Amino acid sequence: MPKLSFLKALNRALADELERDPAVFLLGEDIRAAASNVTAGLHARFGSARVLDTPLSEQAFTNFATGAALAGMRPVIEFQIPSLLFLVFEQIANQAHKFSLMTGGQCKVPVTYVVPGSGSRTGWAGQHSDHPYSLFAHVGVKTVVPATPADAYGLLVTAIRDDDPVVVFAPSAALGVRDDLDFGALAPVPLGVGRVARAGDDVTVVALGHLLYDALAVADELAGQGISVEVFDPRTVYPLDVAGLIASVQKTQRLLVIDDSNRTSGFAAEVLAVVSENCTLIAPPRRVTRPDGAVLPFALALDRAVQPGRQDLTAALHDVLQSSSRHARETR
């Protein structure tokens with residue numbers, strides 16, 4: 001079978017939806033030249049009427065997309081970096097997201113926001129390195145963070161076909177990931193359905209996006225020490241697969257979340273809250289995240305020191321397991 005990269009999966013999803021539905025069109029800065037390679041070859045294939053370069057005004061083209069969606073089109077915006085979402089949070093959260101709710105479903109706003117970047121550990125510095133998926137989940141905007149090429153394709157296709165706004169984060173560290181895939185097997189992936197990426201019995205690790213690969217590597221390493229780690233990939237931040245998450249944690253009774261966003265009010269905090277409300281644990285749950293108020297440095301070594309990774313995850317896992325051992329001794 002051919003190997004399909006995460007980046008090519010996004011590109012193929014866009015091409016397939018442009019081909020399938022004449023209401024779909026792409027817009028954004030430098031997408032004709034495919035500055036991020038997500039839109040490579042699409043202008044040549046579909047032309048300027050379907051692949052639109054825009055001026056350098058995120059507020060302008062984001063509101064333009066909302067209007068186009070209200071008029072029956074299915075716009076897909078590509079943002080160059082996640083931090084630019086701060087400029088258009090009002091347009092997405094307060095306008096596009098609310099029109100359907102405020103009109104009792106009479107208005108549909110099927111806009112997809114594709115956001116490559118962050119999670120890169122490549123020195124993008126403070127104003128280019130945010131990963132604000134928890135902000136959109138907080139206000140109820142559908143938000144996904146795929147980790148694999150198959151999910152990159154499937155979740156993007158589903159997002160484009162959805163009648164609500166959907167933000168699709170594509171972490172830079174995952175763009176080069178390649179899997180052996182049968183192109184004919186590529187299919188839409190439903191929102192709100194996570195997956196167990198690796199089965200285990202001793203502790204559940206919830207890992208999102210590119211951090212899934214760190215979690216799987218640590219699980220492989222700890223398996224040699226007799227520790228069985230289950231890795232749960234939520235795939236969708238909102239709506240969250242609560243049933244799948246609870247089923248995993250009820251089995252292991254231990255939880256650790258590794259999350260490439262800030263600690264306070266982040267995605268990891270929500271996962272811990274859901275589990276605490278629904279599961280009985282034998283050790284305190286743990287979070288491995290960016291520090292509170294983190295501004296990523298330009299220097300690559302400092303950038304990597306701030307972002308969560310395998311060393312932090314391994315240490316936290318040992319702490320969770322030791323805590324449960326202490327708990328078992330104290331309750332005898």
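Let's start with two phenylalanines: Phe-61 is buried, and so is Phe-79. Please keep in mind as we go that this is a predicted model. For Phe-79 we can put a number on it, because at 1% relative accessibility it falls under the 20% cut-off and counts as buried.

So how do these two rings sit relative to each other? A pair of aromatic rings is described by the distance of the centres and the angle of the planes. For Phe-61 and Phe-79, the centres are 5.9 Å apart and the planes stand at 50 degrees, so we call the pair tilted. Now look at where they come from. Phe-61 belongs to helix α3, residues 58-70, while Phe-79 is in the loop between β4 and α4, so the pair ties together parts that are 18 residues apart in sequence.

Phe-79 has another ring partner, and that is Tyr-113. Here the centres are 6.4 Å apart with the planes at 40 degrees, so this pair is tilted too. Tyr-113 sits in strand β5, residues 112-116, so this pair ties together parts 34 residues apart in sequence. Tyr-113 is buried as well, with a relative accessible area of 0%. Put together, ring pairs link Phe-61, Phe-79 and Tyr-113 into a cluster. In total, the structure holds six aromatic pairs.

Let's move to strand β4, which comes just before that loop. Is β4 enclosed or open? Five of its five residues are buried, so β4 is largely enclosed by the rest of the structure. You can see this on both faces: Arg-74, Val-76 and Glu-78 are on one side, Pro-75 and Ile-77 are on the other, and all are buried.

Which strands pair with β4? One of them is β2, residues 24-28, which runs parallel to β4 and is joined to it by five bridges. Within that pairing, Leu-26 stands opposite Val-76. Another is β5, also parallel, with three bridges to β4. There, Glu-78 has Val-114 as its bridge partner. And β5 is the strand that holds Tyr-113, from our ring cluster.

Now for another strand, β11, residues 229-233. Five of its five residues are buried, so β11 is largely enclosed by the rest of the structure. Val-229, Val-231 and Asp-233 point one way, Glu-230 and Phe-232 point the other way, and all are buried.

Here the pairing comes in both senses. With β9, residues 195-198, β11 pairs in the antiparallel sense over three bridges, and Val-196 has Phe-232 as its bridge partner. With β10, residues 203-207, β11 pairs in the parallel sense over four bridges, and Thr-204 stands opposite Glu-230.

My last stop is Asp-241, in the loop between β12 and α8. What is the nearest side chain of opposite charge to Asp-241? That would be Arg-235, which is 6.8 Å away; Asp-241 is buried yet has no salt bridge.

What the side chain of Asp-241 does have is backbone nitrogens beside its polar atoms. The backbone nitrogen of Gly-194 lies 2.8 Å from one such atom, and the backbone nitrogen of Gly-244 lies 2.9 Å from a polar atom of that side chain. Leaving out residues up to four places away in sequence, Asp-241 touches Gly-192, Val-193, Gly-194 and Phe-232. That brings us back to β11, since Phe-232 is one of its buried residues.

Definitions and conventions
Residues numbered from 1 in each chain as written. Predicted model: local features only at pLDDT ≥ 70, side-chain atom pairs only at ≥ 80, totals over all residues. Heavy atoms only, no water. Helix = DSSP H or I, 4+ residues; strand = E, 2+ residues; numbered from the N terminus. Buried < 20%, exposed > 50% of the residue type's maximum accessible area, 1.4 Å probe, protein only. Lys, Arg positive; Asp, Glu negative; His and termini not counted. Salt bridge = Lys/Arg side-chain N within 4 Å of Asp/Glu carboxyl O. Polar contact = N/O pair within 3.5 Å; in protein donor to acceptor, adjacent residues only side chain to side chain. Contact = heavy atoms within 4.5 Å. Phe/Tyr/Trp six-rings, centres within 6.5 Å; stacked < 30°, edge-to-face > 60°. Pairing = 2+ DSSP bridges.
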